[in-house]
Amino acid sequence: MNTATKLGAYALGLAAAFGSAAGIGTIVGPVGATAESGDHGSAHSGHSGGTAEETGTPAPGGLQTVQDGYTLNPETTTVTPGKQTDFRFTVTGPDGAPVTRYTPLHGEKLHLIIARRDLSGFQHVHPAQVGGGVWSMPLILPDAGTYRFFTDVRPEGAKRQLTLGTDVSAPGDFRPEPLPAAERVAEVDGYEVALAGDLVPGRSSKLTLTVSKDGKPVTDLQPYLEAYGHLVALRDRDLAYLHVHPDGEPGDGRTAPGPAITFYAEVPAAGSYRLYLDFKHGDTVRTAEFTAVAGAPAPSPQSTSPAPSSPPAGEPEHGDHEH
């Protein structure tokens, strides 16, 4: 999957809507909610079970390593940048034993999302189970820095889907990239992805992403993870994680395979967000990236005090707490 492509960012302020049929999902909302219930779809939503924000919306996920007694345990939290590593980890249950059985989420037992803390270096991968509850994958973190790893899972017997997060460091000369400015179109491998809609804190916001190539609408998107589009949103500063799939499914008789994909996003607070849209066409998965601002813009920490490439020994992980 092509996840490291550099793209122009895209503003969430387009007023025009695109006329194609599209799937519907929600970034933050109860898993299994339906459009009839007012939550605009049954999202693969990455919210955790913490306290609500002041807006009353559910708290986002990925800010904690432990949720509902389940814990994300990487075998190592330091890797060499630019060098392939056999990265391994387990998820342990409330009894302390590694979990071996999972309920699939959109065709996969586990989704692993990776991004550096300046929101660059995005990856969405699916490790393999190698026995004894251990997950393994070949991993390359291309540049020095601290990366946030998120796992979307639902262990068998768990009450709900879990989003667990942890930090992994790639020591070296860390040169953080500033958060890209909001633009109107993202380009990747000859494709253009346009986005219409505004993020409004604490409210459901319609976002429509329209895919074209060589100036022509793409009307034959291929299914990827049981949908025509897959959206991840990370909040600037704390990397709070929001994750969604469209409600419509390929072959359901109502969801067109492009050019438009629609999501209903509910972000918990004002600030800057980085959006990553995965779509599949020509048997290749590509990722379009956008910067979006909900409410008043939040200053990026890179412009003030860049974080070190790795925390001092014994220092607690960043972000493993609720806001």
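These are my notebook entries on strands, cores, salt bridges and aromatic contacts in a predicted model.

**Entry 1. The open sheet**

I began with the strand order. The model has an open sheet of 5 strands, ordered β1-β2-β3-β7-β6, and the pairing is antiparallel. I then looked up its edges: β1 (66-67) and β6 (128-129) each pair on one side only. At the β1 edge, I found 2 bridges in the antiparallel sense to β2, which covers residues 70-74. For the register there I noted Gln-67, which stands opposite Tyr-70 in β2.

**Entry 2. Strand β12 and its partners**

I went through the neighbours of β12 (205-213) one at a time. With β11, I found antiparallel pairing over 6 bridges, and Ala-194 faces Thr-210 of β12 as its opposite residue. With β16, the pairing is again antiparallel over 6 bridges; here Thr-208 stands opposite Thr-262. With β13 (residues 216-217), I found 2 antiparallel bridges, and Ser-212 has Pro-217 as its bridge partner.

I also checked the turn between β12 and β13. This hairpin has 2 residues between the strands, and Asp-214 has a positive phi near 55 degrees.

Is β12 covered or open? I found it mostly covered, with 7 of its 9 residues buried.

Close to this part of the chain I looked up Lys-213, the last residue in the β12 range (205-213). Lys-213 lies over the face of Tyr-191, at 4.5 Å from the ring centre.

**Entry 3. Nonpolar cores**

Which residues of the largest nonpolar core touch the most other members? I listed Val-193, Leu-199, Tyr-273, Leu-275, Phe-279 and Phe-290, out of 28 residues in that core. The elements giving two or more residues to it are β10 (185-188), β11 (191-196), β12 (205-213), β14 (230-235), β16 (260-265), β17 (271-281) and β18 (284-294).

I took Tyr-273 as an example and looked up its contacts, leaving out residues up to four places away in sequence. Its contacts include Leu-199, Leu-234, Leu-242, Val-267 and Phe-290. Arg-235 and Asp-236 are also among them.

There is a second, separate core of 24 residues, and Leu-72, Phe-87, Val-99 and Ala-158 are included in it.

**Entry 4. Salt bridges**

I counted 11 salt bridges in the structure and followed three of them.

Glu-156 and Arg-101 meet through their side chains at 3.0 Å, N to O. This pair links distant parts of the chain, 55 residues apart: Glu-156 is in the loop between β8 (145-153) and β9 (162-170), and Arg-101 is in the loop between β3 (85-92) and β4 (110-116). Glu-156 counts as partly exposed because its relative accessibility is 41%. Arg-101 is exposed, at 55%.

Asp-167 and Arg-117 form a salt bridge at 3.1 Å, N to O. Asp-167 lies in β9 and Arg-117 in the loop between β4 and β5 (123-125), so the pair ties together parts 50 residues apart in sequence. Are these two partners buried or exposed? Asp-167 counts as buried at 7% relative accessibility, and Arg-117 counts as buried at 15%.

Arg-286 and Asp-189 meet at 3.3 Å, N to O. Arg-286 lies in β18 and Asp-189 in the loop between β10 and β11, so this pair ties together parts 97 residues apart in sequence. Arg-286 is buried, with a relative accessible area of 12%, whereas Asp-189 is partly exposed at 40%. I also noted a network: salt bridges that share partners join Arg-117, Arg-148 and Asp-167.

**Entry 5. Aromatic pairs**

The structure holds 6 aromatic pairs. I looked up two.

Phe-87 and Phe-149 form a tilted pair, 5.0 Å centre to centre with 45 degrees between the planes. Phe-87 lies in β3 and Phe-149 in β8, so the pair ties together parts 62 residues apart in sequence. Phe-87 is buried at 2% relative accessible area, and Phe-149 is buried at 1%.

Tyr-102 and Trp-135 form an edge-to-face pair, 5.4 Å centre to centre with 65 degrees between the planes. Tyr-102 lies in the loop between β3 and β4 and Trp-135 in β7 (residues 134-139), so the pair ties together parts 33 residues apart in sequence. Tyr-102 is buried at 4% and Trp-135 is buried at 2%.

Last, I noted that Phe-87, Phe-89 and Phe-149 form one aromatic cluster.

Terms used
Residues numbered from 1 in each chain as written. Predicted model: local features only at pLDDT ≥ 70, side-chain atom pairs only at ≥ 80, totals over all residues. Heavy atoms only, no water. Pairing = 2+ DSSP bridges. Helix = DSSP H or I, 4+ residues; strand = E, 2+ residues; numbered from the N terminus. Core = buried A, V, L, I, M, F, W, Y, C linked by side-chain atoms within 4.5 Å. Buried < 20%, exposed > 50% of the residue type's maximum accessible area, 1.4 Å probe, protein only. Contact = heavy atoms within 4.5 Å. Salt bridge = Lys/Arg side-chain N within 4 Å of Asp/Glu carboxyl O. Phe/Tyr/Trp six-rings, centres within 6.5 Å; stacked < 30°, edge-to-face > 60°. Lys NZ or Arg CZ within 6 Å of the ring centre and 35° of its normal.
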